[in-house]
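Reader: Let's walk through this one together, a question at a time.

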Amino acid sequence: MNKRHFLRGVKDALPVVLGYLPLGMAFGVLARSGHLSIGQVLAMSLMIYSGSAQFIAVGMLGTGAAPASIMATVMLVNSRLILLSASLAPHLSRVTAPVLSFLAHGITDETYAVAMGRMGEKPPNRWYLTGLFVTAHLAWLGGSAAGGILGRLLGDTARWGLNFALTAMFICLLILQLKNNVTIMVAGLAGLVSVAVATMIGGGWNIIVATILAATVGVLMEKWNKPSGRSSSVSPH
């Protein structure tokens, strides 16, 4: 039983792997161009494990930013993962604290999206999440290592299309989430709001506003679409 759940998690991680390998390579190339060693590249991918935070950290290192400001920025960027962890926690109420700590480190936007995609069926257990998270993390580490080693040979990652890897992966994950009219409408709303806010305000606020608004609308729509729970059958009492 546990092996079956683990292998299912590994299988579900494959779309994420296809995105993490080229994106990790892009990070490795960038980090090496910023004079980080292979060991430092792998250490960042192992301990931070956040594409957006790692790219930002490398950029700040290149500008000579203070370590405290880099750490604060990375923590701020990754603070959204607290909410993601909180939404998964009710499904893991019987898991011990050490195992929860291990699983929490494997949560990313992409692995969370895949895990939530299974919520309509049987909720994912710790073995499923272990297979999903470990496979995705190994792909990120492998891509980072490959980029760090081959960085000087690849040169500009844009000409190889590696800079589009993250966008392509999110498109793939979005398509996997479009299962009914509610998810389609919420996705459309999020896209429209994001474009509108980016045009009017900019500064990255479009993602935050679109996420909050779309999530709120999605929850309300799901609540309205749920059956009332009433039944015409005779009560067992």
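Reader: Which helix is Ser144 found in?

Author: A word on the ground rules: this is a predicted model, where local features need pLDDT of at least 70, side-chain atom pairs count only at pLDDT 80 or more, and totals for chains, interfaces and linings use all residues. Residues are numbered from 1 along each chain as its sequence is written, and side-chain values use heavy atoms, leaving out hydrogens and water. Helices here are DSSP runs (H or I, at least four residues), numbered from the N terminus. On that count, Ser144 sits in α9.

Reader: Is Ser144 buried or exposed?

Author: Buried means under 20% relative accessible area, exposed over 50%, and partly exposed in between (1.4 Å probe, protein chains only). Ser144 has a relative accessible area of 0%, so the verdict is buried.

Reader: How far apart in space are Ser144 and Gly28?

Author: Contact means heavy atoms within 4.5 Å, and Ser144 has Gly28 among its contacts, along with others including Gly24 and Val41. In sequence, Ser144 and Gly28 are 116 residues apart. C-alpha to C-alpha, the gap in space is 4.6 Å.

Reader: Where does α2 kink?

Author: Helix α2 covers residues 14-33. The bend at a residue is the angle between axes fitted to the seven residues ending there and the seven starting there. In α2 a kink of about 25° comes shortly before Pro22, at Tyr20.

Reader: Which element gives the most to the largest nonpolar core?

Author: A nonpolar core is a set of buried Ala, Val, Leu, Ile, Met, Phe, Trp, Tyr and Cys residues joined through side-chain atoms within 4.5 Å. The largest one has 35 residues, with Tyr20 and Leu129 among those with the most contacts inside it. Seven residues of this core come from the top contributor, α9.

How values were computed
Helix = DSSP H or I, 4+ residues; strand = E, 2+ residues; numbered from the N terminus. Expected span 1.5 Å × (residues − 1). Lists of a residue's contacts leave out its neighbours within four places in sequence.
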